[in-house]
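Thanks for making the time this morning. I would like to walk you through one structure, so please have a look at it first, and then I will go through the packing of its helices.

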Amino acid sequence: MVIIRQQLVDSIKKVLFILGSALLVFVAARNSITWHLQKFWGASGDFWQSQWENVYYLLGSEDHMIGIVGTFLITTGIFWISNAFFMLLDLTGRPAFLLRYKIQPDKNVPLEKDALKRAIGVVLFNQTVVGIPFMCVAYLAMRWRGCSMNGELPTFHWVLFEMTVFTLFEELAFYYSHRLFHHRYLYKYIHKRHHEWTASIGLVSIYSHPVEHIFSNLLPPFLGPLLMGCHIATAWLWFCVALMSTTVAHCGYHFPFLPSPEAHDYHHLKFNQNFGVLGVLDRLHGTDNMFRETKAYQRHFLLLGLTPVSQQFPDTPKKKAE
Ligand SMILES: [Zn+2]
Ligand SMILES: [Zn+2]
């Protein structure tokens with residue numbers, strides 16, 4: 001009982017921390033960021049508005065071109081640009097000094113070419129055969145909800161507020177769908193594919209069964225924009241953030257100044273811990289209890305220096321056999 005109450009308190013604390021941070025940025029931004037934008041780009045609102053109008057014009061001034069083709073290009077582009085960097089690093093081992101940030105240092109060195117090719121095939125299938133029809137339906141749903149495709153852009157503060165809401169909705173939808181896919185009736189048919197990689201690489205973020213791709217990868221980040229009826233530009237920004245975040249969570253490296261991937265890396269290693277993105281619901285349901293006893297948990301923080309977390313919290317040496 002005491003443990004459950006503690007989990008509940010910890011979980012609420014995490015949500016408050018997220019809301020509090022968003023509020024802080026909001027207050028700070030009100031005074032400084034908007035002012036700087038204003039100063040450097042003249043009327044900042046006009047600057048972004050005219051950029052958006054250029055994009056709209058470039059895509060033939062058609063809503064469906066923005067909603068479907070634009071969304072496909074921006075999400076696919078961001079995915080491959082961020083993953084190209086990690087693939088080159090994994091394939092060549094260069095730049096070598098980055099290898100000391102590897103979470104499971106003996107895994108994927110070198111990366112098996114056949115496994116990589118298979119992963120690329122599955123990812124491309126998910127992005128096109130599954131992703132494009134999903135985007136068509138998503139576009140119709142957004143039109144029905146009244147999401148703007150070419151109207152006035154929202155203010156910076158509203159974008160920040162919406163992004164916070166999206167983050168919380170994604171946590172809810174991803175945690176529960178992911179946990180459901182771990183159910184013994186579903187796991188071996190659907191989610192097992194994603195877990196073929198016990199040491200993941202960036203690409204593995206959408207290396208999954210098509211059903212899982214729809215319910216765990218596409219729907220959770222789409223829910224927030226749909227419910228809020230946001231501008232499509234805000235949705236694009238959010239999809240890019242979500243894609244980069246999942247790429248980092250799977251990349252297998254704990255780099256400085258990037259969100260810590262330790263929790264999800266541990267999920268791939270042990271299967272029954274850390275189902276969520278933020279960790280809020282894992283705390284609430286106690287699905288991080290084992291993780292919290294590990295070295296990986298001590299290393300699970302935003303690294304702000306250059307010393308790798310594995311050096312700051314080294315593995316306990318295994319006892320030699322007598
Ligand atoms: Zn994963
Ligand atoms: Zn899983």
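What follows is a short tour of the cores and of a few helix contacts.

Please keep in mind throughout that this is a predicted model.

Let me begin with the nonpolar interior, where the largest core has 22 residues, and where Ile 232, Ala 235 and Phe 239 are those with the most contacts inside it. Four helices each supply at least two residues of this core, namely H4, which covers 63–92, H5 at 113–145, H8 at 210–228 and H9 at 232–250. Which helix gives the largest share of this core? That is H9, with 8 residues. If we set aside the neighbours of Phe 239 within four places in sequence, this residue is in contact with Thr 75 and Pro 221. There is also a second, separate core, made up of 16 residues, and among them are Val 122, Ile 206, Ala 249 and Tyr 253.

Now to H9 and its partners. H4 and H9 pack at an angle of about 25 degrees, and their axes are 10 Å apart. An angle under 35 degrees counts as roughly parallel, and therefore these two helices, H4 and H9, are described as roughly parallel to each other. The crossing in which H4 passes H9 is right-handed. On the H4 side the contact includes Ile 66, Ile 74, Thr 75 and Phe 79, while on the H9 side it includes Ile 232, Trp 236, Phe 239 and Leu 243. Sorted by class, the residues of this contact between H4 and H9 are 10 nonpolar and 6 polar, with no charged ones.

H6 also packs against H9, at an angle of about 50 degrees and with the axes 11 Å apart, which makes H6 oblique to H9. The crossing of H6 and H9 is right-handed. Here Val 159, Glu 162, Met 163, Phe 166 and Glu 170 of H6 meet Thr 234, Leu 237, Trp 238 and Ala 242 of H9, and the contact divides into 6 nonpolar, 1 polar and 2 charged residues.

The next pair is H6, residues 156–181, with H8, where the packing angle is about 155 degrees and the axes are 8 Å apart. That angle makes H6 roughly antiparallel to H8, and the crossing of these two helices is again a right-handed one. Among the residues that make the contact are Phe 166, Phe 169 and Phe 174 of H6, together with Phe 215, Leu 219 and Pro 225 of H8. By class, the contact of H6 with H8 comprises 14 nonpolar, 4 polar and 3 charged residues.

Let me stay for a moment with Pro 225, which lies in H8. Is Pro 225 buried or exposed? It has 25 C-beta neighbours inside 10 Å, and therefore Pro 225 counts as buried. Leaving aside neighbours within four places in sequence, Pro 225 is in contact with Phe 166, Cys 230, Ala 235 and Trp 238.

Finally, there is H10, residues 262–270, which is mostly covered, since 7 of its 9 residues are buried. The buried ones are Glu 262, Ala 263, His 264, Asp 265, Tyr 266, His 267 and His 268, and the buried residues of H10 pack against H9 and against H12, at 295–298. Following H10 comes Phe 271, whose phi is positive, near 70 degrees.

Definitions and conventions. Residues numbered from 1 in each chain as written. Chains lettered and ligands numbered in written order. Predicted model: local features only at pLDDT ≥ 70, side-chain atom pairs only at ≥ 80, totals over all residues. Core = buried A, V, L, I, M, F, W, Y, C linked by C-beta atoms within 7 Å. Buried ≥ 20, exposed ≤ 12 C-beta atoms within 10 Å, placed from the backbone. Contact = placed C-beta atoms within 7 Å. Axes fitted to C-alpha atoms, helices over the stretch in contact; angles between N-to-C directions. Parallel < 35°, antiparallel > 145°, perpendicular 65-115°, else oblique. Left-handed = near helix turned anticlockwise from the far one by under 90°. Nonpolar A, V, L, I, M, F, W, Y, C, P; charged D, E, K, R; others polar.
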